[in-house]
Amino acid sequence: NKVANAATDAVKSAASNAGNNKEEFTFASLPESLDEFKMLPEAKLDDPYKTAALTVVALCVYAADKNIGIELLNFLKGPRPLSNMEIQFIDDRLRDGKTYVPFSYFKGATPENDYTPDEPYSITVESNPYSDANKGYKKLIIKSGGADTPREVQLRMKGDGQWLLWEQFLLPDIRKPKSADPWA
């Protein structure tokens, strides 16, 4: 009976880990222009994990400089640039001092340190069993230091093999930074 239970547990474990993968990316600094962004090794866009990590980088740049951020996100989106509605949505999510939200995805960024990430900037992008549910698309997840559940980034493969940003769900509210929390 122990052998049967061990075999069942092993099968369940293998099934629950199917499709689970983690990739970590490190950036010495955040780019200050589209040219710097394109020089990053991840900017080849030949892997969905790279594109997902660059999406966080682009949103952090957007929080500092909207125009450059739009350029970076449009590069990641390829032939389907940001719509006015998407730009308004990002503006709305970063309003009222919430520019810390995209930084919360970097290692070391927590409410206790006002979402100040460790340097160099490091981010982990993960897949799960549902990441490849739709052919030509990949849903990846990234954990925020201010949320209990990971957030999704959906990528789409272009005919030339590039993985482009299709949708991002990285900007919902997270816990307030300690300095902005009256209850802290």
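This report looks at salt bridges in the structure above.

Keep in mind that the model is predicted, so local features need pLDDT of at least 70 and side-chain atom pairs count only at pLDDT 80 or more, while totals for chains, interfaces and linings use all residues. Residues are numbered from 1 along each chain as its sequence is written, and side-chain values use heavy atoms, with hydrogens and water left out.

A salt bridge here is a side-chain nitrogen of Lys or Arg within 4 Å of a carboxyl oxygen of Asp or Glu. The structure has 11 of them, including these:

| Salt bridge | Closest N and O atoms |
|---|---|
| Asp46 and Lys50 | 2.9 Å |
| Asp173 and Lys98 | 2.9 Å |
| Lys139 and Glu152 | 3.7 Å |

Take Asp173 and Lys98, which meet through their side chains. This pair links distant parts of the chain, 75 residues apart: Asp173 sits in the segment after β5 (163-168), and Lys98 in the loop between α5 (84-94) and β2 (121-127). Helices (H or I, at least four residues) and strands (E, at least two) are DSSP runs, numbered from the N terminus.

How open are these residues? Buried means under 20% relative accessible area, exposed over 50%, and partly exposed in between (1.4 Å probe, protein chains only). Asp173 is partly exposed at 46%, and Lys98 is partly exposed at 24%. Asp46, from the table, is also partly exposed, at 44%.

Now for Lys139 and Glu152. Lys139 is in strand β3 (residues 137-142) and Glu152 in strand β4 (residues 151-157), so their salt bridge ties together parts 13 residues apart in sequence. Lys139 is partly exposed at 32%, and Glu152 is partly exposed at 30%.

Finally, salt bridges with shared partners join Arg93, Lys98 and Asp173 into one network.
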